[in-house]
Amino acid sequence: MRLVKIGKKGEKKWKGTCTGCGAKFEATEKELNVTYDRDGSLAQEDCTQCGQTVNFYAADGSSSRDSYPEER
Ligand SMILES: [Zn+2]
């Protein structure tokens with residue numbers, strides 16, 4: 001078997017802002033535990049600063065839960 005092209009799945013950038021302390025995070029999809037449901041995709045991680053749950057959204061806007069509010 002020969003590798004023709006390296007897959008990009010899992011390399012997508014996700015961003016999140018902590019609602020507790022305002023810290024901003026960026027992660028690749030494979031670093032996160034992304035869940036998919038009828039509303040779209042979402043990932044959650046605990047803030048490393050304050051422990052609050054941080055919602056991550058795909059930085060390219062493709063997580064259909066509309067709402068990475070800043071800089072697309
Ligand atoms: Zn925080």
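## A hairpin to start with

Let's begin with β4 and β5, which make a hairpin with 6 residues between them. In that turn sits Gly-51, whose phi is positive, at about 85°. Keep in mind that this is a predicted model.

The two arms of this hairpin are β4, residues 40-46, and β5, residues 53-58. They run antiparallel and are joined over 4 bridges. If you want a spot to look at, find Gln-44, which stands opposite Asn-55 in β5.

## The hairpin next door

β4 has another partner, too. With β3 it forms a hairpin that has 2 residues between the strands. Here the pairing is again antiparallel, over 4 bridges. Val-34 has Ala-43 in β4 as its bridge partner.

## The whole sheet

How are the 5 strands ordered in the open sheet? Going across, you meet β2, β1, β5, β4 and then β3, with antiparallel pairing. The edges are β2 (24-28) and β3 (34-37), each of which pairs on one side only. Neighbouring strands are turned against each other by 30° on average, direction ignored.

Over at the β2 edge, the partner strand is β1, residues 13-17. These two pair in the antiparallel sense over 5 bridges, and Trp-14 stands opposite Ala-27 in β2.

## A loop residue worth a look

Between β1 and β2 there is a loop, and Thr-19 is found in it. Is Thr-19 buried or exposed, or partly exposed? Thr-19 counts as partly exposed because it has 13 C-beta neighbours inside 10 Å. The cut-offs put a residue in the exposed class at 12 or fewer, and in the buried class at 20 or more.

Now trace from Thr-19 to Asn-55. These two are 36 residues apart along the chain, yet their C-alpha atoms are separated by 8.7 Å. Asn-55 is the residue that Gln-44 stands opposite, back in the β4 and β5 pairing.

## The nonpolar core

Which residues make up the largest nonpolar core? There are 6 of them: Trp-14, Cys-18, Val-54, Phe-56, Tyr-57 and Ala-58. Strand β5 supplies the largest share of this core, with 4 residues. Trp-14 has come up already, as the residue opposite Ala-27 in β2.

As a bit of background, nonpolar side chains tend to be buried together in soluble globular proteins.

Terms used: Residues are numbered from 1 along each chain as its sequence is written. This is a predicted model: local features need pLDDT of at least 70, side-chain atom pairs count only at pLDDT 80 or more; totals for chains, interfaces and linings use all residues. Two strands pair if DSSP finds at least two bridges between them. Axes are lines fitted to C-alpha atoms, for helices over the stretch in contact, and angles run from 0 to 180 degrees between N-to-C directions. A nonpolar core is a set of buried Ala, Val, Leu, Ile, Met, Phe, Trp, Tyr and Cys residues joined through C-beta atoms within 7 Å.
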